[in-house]
Amino acid sequence: MSPAGPREDFPDRVTLMAALAGRVAGLLAEAIAARGRATLAVPGGTTPGPFLELLSETDLDWSRVSVMLTDERFVPESSERSNTALLRRTLLKGRAAAATLVPLTAEGESPEAVLPGLAEAVRAALPLDVCVLGMGADMHTASIFPGADKLAEALAPDAPELLPMRAPGAPEPRITLTAPVLSSARHIFVLLTGAEKAEALARALTPGPTEEAPVRAVLSHGATVVYAP
């Protein structure tokens, strides 16, 4: 694995979330000033919620920002497991309601059935200006899981922008941005909290195949790890 990017440790999660929101807002503003638009990818789950809430309050020209999830469960938005619904409650409100959501799911029989339409919209919004990722205790990132059915395809340099993904321990199919999309973002952050994630990060930073620790795909491309206990 290539040398990892920087790591920034914060004394607590409140300080971390505020600092990350400020950093991301600044980078989005720079992208808008330089290119007229900005694209942001963010993780689902509950950990990034405070960061997203703070980011939604920042003074940006949100009408020039496209937002997408790094991955999504193939569930309706009415499901309590929908990350899209969570994103609407945490980020896409107030000032940030003016942002454009690039969806990673749609109604259909399967992820494969809806993928072509979703991929077209994602492709039009790339490259990512800022990508914020999480990491599981198993060292997965986005929905690129060790042991997933399309793991090798998602990690390949010529991977398509989006892939359906099924993995042991994942209750439903997923749709995920692939490693080349994530690692080619102009700015990458990996948001981690708690001792379990610190231990997983230490394992991910040791030499080994990316298939065993998919987060290595972004750590090797200079991602900044931001961590609080």
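**Exercise 1.** Does Arg 23 count as buried, partly exposed or exposed, and what is its relative accessibility?

*Solution.* Keep in mind that this is a predicted model. Start with the cut-offs: buried means under 20% relative accessible area, and exposed means over 50%. Arg 23 comes in at 35%, so it counts as partly exposed. Now look at its partner: Arg 23 forms a salt bridge with Glu 8, with the closest N and O atoms 2.7 Å apart. Glu 8 sits at 23% relative accessibility, so it is partly exposed. The pair links distant parts of the chain, with Glu 8 in strand 1 and Arg 23 in helix 1, 15 residues apart.

**Exercise 2.** Work out which parts of the chain the salt bridge between Glu 53 and Lys 93 ties together.

*Solution.* First, the contact itself: the two side chains meet at 2.4 Å, N to O. Next, place the ends. Glu 53 belongs to helix 2 (residues 49-56), while Lys 93 is in the loop between helix 3 (83-90) and strand 5 (100-101), so the bridge ties together parts 40 residues apart in sequence. As for exposure, Glu 53 is partly exposed at 29%, and Lys 93 is partly exposed with a relative accessible area of 29%.

**Exercise 3.** Find the edge strands of the open sheet with the order 4-8-7.

*Solution.* The sheet has three strands with antiparallel pairing. Strand 4 (71-73) and strand 7 (162-165) each have a single partner strand, so they stand at the edges. Three bridges join strand 4 to strand 8 (residues 174-177), and Asp 71 stands opposite Thr 176 in strand 8. Finally, helix 4 (residues 111-125) lies across strand 7 and strand 8, at about 155° to strand 7.

How values were computed
Residues are numbered from 1 along each chain as its sequence is written. This is a predicted model: local features need pLDDT of at least 70, side-chain atom pairs count only at pLDDT 80 or more; totals for chains, interfaces and linings use all residues. Side-chain values use heavy atoms; hydrogens and water are left out. Two strands pair if DSSP finds at least two bridges between them. Helices (H or I, at least four residues) and strands (E, at least two) are DSSP runs, numbered from the N terminus. Contact means heavy atoms within 4.5 Å. Axes are lines fitted to C-alpha atoms, for helices over the stretch in contact, and angles run from 0 to 180 degrees between N-to-C directions. A salt bridge is a side-chain nitrogen of Lys or Arg within 4 Å of a carboxyl oxygen of Asp or Glu. Buried means under 20% relative accessible area, exposed over 50%, partly exposed in between (1.4 Å probe, protein chains only).
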